[in-house]
Structure formats: structure tokens, C-alpha cells
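I set out to record what I looked up in one protein model. The entries below are brief and follow the order in which I worked.

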Amino acid sequence: MTDYLWGESPLTGIVFIDDEHEEIFSTLAAWLKGPSANNPQPTSNEIQRLVDVWIKHFRQEEALLVRHNYPGLDKQKADHLSMERKIRQFFSKAAGEPISAADIDALLKMFIAHTLGPDMAYSEFQKGEGVR
Ligand SMILES: [Fe+2]
Ligand SMILES: [Fe+2]
């Protein structure tokens, strides 16, 4: 499994967005580490909380981008919808059995790719608009 670090670089500069990114990342990274790398077992409440935080994060980003007429909004929404399906799919498995380290690893990779790609793209636009 990959070891991930969340450094200074992937910051949008929008405080509440960065806080949510940090929470999603650190939750998944902690699950990936243990109790054992091959058998992470977050509780159903923890899983539900992450799903709620993550989906709410998508809606907040979209609302922010609508307010600022962001030209890449359709791409953000399409990515969010596709990610939302995968998040719900992965975590619906957790109702019946422990989710695997491979599943968590895939979610982390998906999260990182989106945050470093489309989210950093809108953050450059937002900085030009003076959003903090
Ligand atoms: Fe995001
Ligand atoms: Fe996003």
C-alpha cells in the first residue's frame, strides 16, 4: 500500500475547503494504517460520518463555484457525481463486511487526483476573484 502525505502544496487557500480536504484525507489515511493494513475496521458511525462530510463538501464547493460563475463548474459537478457514486458503492459494502485496505487506497487515490487536479484549478480562479 502507498504511504501518503498531505503537505502544504494542495491548499486551495479557502479555509473551510482546506479544512474539509484535510479531514477527508486524514480519516482515510488513518483507516489505511490500521488496526492492521490488511484489515482496517472503522466503525459504521465513522464510515457514515466520512460519507456525510465528503458529500456535503461536494455541495459546498459547487455552491461556491456557482456564486463565482466558475467556467469549470460542469466538470467539477460531473467529477463529484462520479466520485459520489464510488463513495456510496464502496461504503455500502461496509454495511455487510469490513472494507478492505485496497478499497480505502482506491478512495484515497481518487480523492488526491481530484483535489490536486480540478480543485486546484478552481482555487487559482478563486484567488483571482479574491475569495478566502
Ligand atoms: Fe474538494
Ligand atoms: Fe471538487
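My entries begin with conventions and then turn to the fold, the helices, one loop residue and the core.

**Conventions.** I noted that this is a predicted model, in which local features need pLDDT of at least 70, side-chain atom pairs count only at pLDDT 80 or more, and totals for chains, interfaces and linings use all residues. Residues are numbered from 1 along each chain as its sequence is written, while chains are lettered from A and ligands numbered from 1 in the order in which they are written.

**Confidence.** I looked up pLDDT, the predictor's confidence in each residue, from 0 to 100. The protein averages 86, and 84% of the residues score at least 70. Among the elements, α2 has the highest mean, 94, and α4 the lowest, 89.

**Fold.** I found 4 helices and 0 strands, in the pattern α-α-α-α along the sequence. Helices (H or I, at least four residues) and strands (E, at least two) are DSSP runs, numbered from the N terminus. I then looked up contacts, which are pairs of residues whose C-beta atoms, placed from the backbone, lie within 7 Å. Of the contacts with a separation of 6 or more, 75% join residues 24 or more positions apart.

**Helix α2 and N69.** I compared the span of α2 (residues 44–67) with its expected span, which is 1.5 Å times one less than the number of residues. Its 24 residues should span 34 Å, and the end C-alpha atoms are 35 Å apart, which agrees. N69 lies in the loop between α2 and α3 (73–93). Its phi is positive, near 50 degrees, although N69 is not a glycine. Most residues other than glycine have a negative phi. I asked whether N69 is buried or exposed. A residue is buried if 20 or more other C-beta atoms lie within 10 Å of its own, exposed if 12 or fewer, and partly exposed in between, with C-beta atoms placed from the backbone. N69 counts as exposed because it has 9 such neighbours.

**Helix α4.** Helix α4 (residues 101–129) bends by about 35 degrees at M120; the bend is the angle between axes fitted to the seven residues ending there and the seven starting there. Its buried residues are I104, L107, L108, F111, T115, D119 and Y122. What covers them includes α1 (15–33), α2 and α3.

**Core.** Of the 132 residues, 17% count as buried. I looked up the largest nonpolar core (buried Ala, Val, Leu, Ile, Met, Phe, Trp, Tyr and Cys residues joined through C-beta atoms within 7 Å). This core has 11 residues, including W31, W54 and F111. The elements that give two or more residues to this core are α1 and α4.

Terms used:
Contact = placed C-beta atoms within 7 Å.
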